[in-house]
Amino acid sequence: MKKERFKDESYPTASSEEQEKVEKTVAELFRIFSKRAEIDTEAPSLLWMEHSHFLKTSLFTLSKSFQCLDSSRPWLCYWILHGLELLDQTLTLDDISRIAQFIGRCQSPKGGFGGGPSQFPHLATTYAAVNALCILGTEEAYNIIDREKLKQFLWSVRSPTGAFHMHEGGEIDLRGVYCAVSVARLTNIYSNALFENSAHWIASCQTYEGGFSSVPGTEAHGGYAFCGLAALRLLNKEHLHSNPVFKKIKINIDALFCVLFSKRWLVNRQMRFEGGFQGRTNKLVDGCYSFWQGGAFPLLHRILNEENVNMVSGERWLFHQEALQEYILICCQHSSGGLIDKPNK
């Protein structure tokens, strides 16, 4: 493991010092775990009961520290419900109805969902609300979504370039396209006209590193990498896109190369010592990118399989799975339930 530690080559910087602090903390947790593993052959393990209790408790009661997330309440519903579903936990029909009715109060008369009751509709919270209702999976939950008004909302935030504003008059970024196409597919309101030019706009967000940025010309980021690849997949354009950035510098590169370029960027975001993922080049490990970066690999795997690229395995993803599991289980689990992004956070 020592050979995987960060080396500043005698030129320390603020970011290199932060990296060394994180590695020191992680190394101590690994050391403690190695001693525990000598007497507990089941370690490390997922704190299943603690996480289940934490999520169920958080579903209806949160501490004052969550007040800053008042405009993200559908997201809290979605993340909690998604976690409970992964843990194979069930809710009572009364609780399911209560959650569905709350999300219904977040729906705007204009279509789409806001961050809370009477808040403006926003693509991100619309994505969270629709996914949460789909997880609930009852007739009541499905019927809450006003599909016609939702379609009107998507058209109202669409840009002629194929990109989407996050809300009326709001910023454009890659999240918008992904959120829009995801809810359109889930609610069966997708049309080619609604997403005309979207695949080409997404392709223009691929950077010189191979990842995807929020908008063309900015830095590649793990969340946008997932959004870009997932949106292309939902648009059925993952085999067709080519990057206009390369065309500008007169390099003829096909769509497959752009996918391989994405793979190169993604695999290099796994930290060599910690085992988790960072979100951007030269940044610290962060547990949330286990979801965003990790979620991009099944998409890449399927694309490469369909292209008959022989680098993919039928048994493993294209990253070190055990290293990621160990980082999450050893370094990111809170003893009373819940996960943190890195130790001491």
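**Architecture of an all-helix predicted model**

The C-alpha centres of domain 1 and domain 2 are 25 Å apart. Their contact (heavy atoms within 4.5 Å) draws on 16 residues of domain 1 and 18 residues of domain 2. Domain 1 covers 62-196, while domain 2 is made of two segments, 201-240 and 247-334; these bounds come from an automatic or database domain assignment.

The model is predicted, with local features needing pLDDT of at least 70 and side-chain atom pairs counted only at pLDDT 80 or more, whereas totals for chains, interfaces and linings use all residues. Residues are numbered from 1 along each chain as its sequence is written, and side-chain values use heavy atoms, leaving out hydrogens and water.

Turning to the fold, the protein chain has 14 helices and 0 strands, where helices (H or I, at least four residues) and strands (E, at least two) are DSSP runs numbered from the N terminus. The radius of gyration, taken over C-alpha atoms, is 21 Å, close to the 20 Å from the globule rule for 345 residues, so the protein chain is as compact as a globular protein of that length. That rule is 2.2 Å times the number of residues to the power 0.38. Along the principal axes, the C-alpha atoms fill a box of roughly 60 × 60 × 40 Å.

Of the 345 residues, 48% are buried, meaning under 20% relative accessible area with a 1.4 Å probe, protein chains only. Among contacts with a separation of 6 or more, 64% link residues 24 or more positions apart.

Terms used: Buried means under 20% relative accessible area, exposed over 50%, partly exposed in between (1.4 Å probe, protein chains only).
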